Amino acid sequence: MKEEQILSTHVVKNWPELERPREKLLHLGSASLSDAELLAIFLRTGVQGCNVVDLSRQLLINFGGIGAIYQASHDEFCQHHGLGTAKYVQLQACLEMSKRYLAEQLIQQGQQLTSSQATRDYLLSELRHESREVFAVLFLDNQHQVLKFERLFFGTIDAAAVYPRVVVEQALKHHAAAVILTHNHPSGIAEASQADKLLTSRLIQALALLDIRVLDHIIVAGPQCYSFAEHGELN
């Protein structure tokens, strides 16, 4: 193959239509794209000697996946060839828009909130990329609609680190009738530890004194969720 032909096939716009990320998305939907192809659409252009799809593949390898790209600080992000402040700002804006969209979907679910995939999607978007443990609460009204999502505790989450008094105070502040507890496992293990179970039991008892129901405790672990309600562990 001549050098001109090699250069031509290296350029994404010269690829067959359904192999180009944008056209593939339009024809087959976003779910059909690989992580590298999705990132390529976001980046838009490659760098000298490297088309945008190859650049995206290399960045995913260097960072260790999409989650790590989202987690990267401004300095860490900009250290990589082909990235800079403008891309970092765009990425953070995209992430925040996704969270707000999912939050809107939660509110629109109404009574179906506790069993809705929208709840899990929202909690995943909020907590799956956290590098430290975060304990948060979804405060709900008597129709089980969202009043507020609030991060309350950070660090190692166990029965000693989470104070029921603070959870109760915030529930009263938001006039909540029910709550969904949630925290993440940065380890990626989607299981409830004994400490998690003890913590849940203590919070159920504390909130029950004010007639505030705990509808679920959802553990976010990477792309997975563990539901106390689904495992019959809210006694």
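This report describes the overall make-up, one internal cavity and one helix of a predicted model.

## Overall make-up

The protein chain is built from 10 helices and 5 strands, and of its 235 residues 43% count as buried. Among the contacts in the protein chain with a separation of 6 or more, 57% join residues that lie 24 or more positions apart.

The surface that the protein chain exposes comes to about 13100 Å², and carbon and sulfur atoms supply 51% of this area.

## The internal cavity

Rolling a probe the size of a water molecule over the atoms shows where empty space is left. When cavities of 30 Å³ or more are counted, the model has 1 cavity, and the largest cavity has a volume of about 40 Å³.

The lining of the largest cavity is formed by Leu39, Phe42, Leu43, Leu59, Ile69, Phe77, Leu83 and Leu91. Helix α3, which spans residues 35-43, gives the largest share of this lining with 3 residues. In terms of residue type, the lining of the largest cavity consists of 8 nonpolar residues, with no polar and no charged ones.

## Helix α9 and its surroundings

Helix α9 covers residues 164-173, and within this helix Pro164, Val166, Val167, Val168, Gln170 and Ala171 are buried. The buried residues of α9 pack against two strands, β1 (134-140) and β2 (146-154), and also against the helix α10 (194-208).

After α9 comes histidine 175, which has a positive phi, near 55°.

How values were computed:
Residues numbered from 1 in each chain as written. Predicted model: local features only at pLDDT ≥ 70, side-chain atom pairs only at ≥ 80, totals over all residues. Heavy atoms only, no water. 1 Å grid on protein atoms, 1.4 Å probe; cavity = no way out; pocket = protein on both sides within 12 Å on 5 of 7 lines; lining within 4 Å. Points joined across faces, edges and corners; volume = space filled by probe spheres on them. Helix = DSSP H or I, 4+ residues; strand = E, 2+ residues; numbered from the N terminus. Nonpolar A, V, L, I, M, F, W, Y, C, P; charged D, E, K, R; others polar. Buried < 20%, exposed > 50% of the residue type's maximum accessible area, 1.4 Å probe, protein only. Contact = heavy atoms within 4.5 Å. Areas by Shrake-Rupley, 256 points an atom, 1.4 Å probe, with all protein chains shown as cover.
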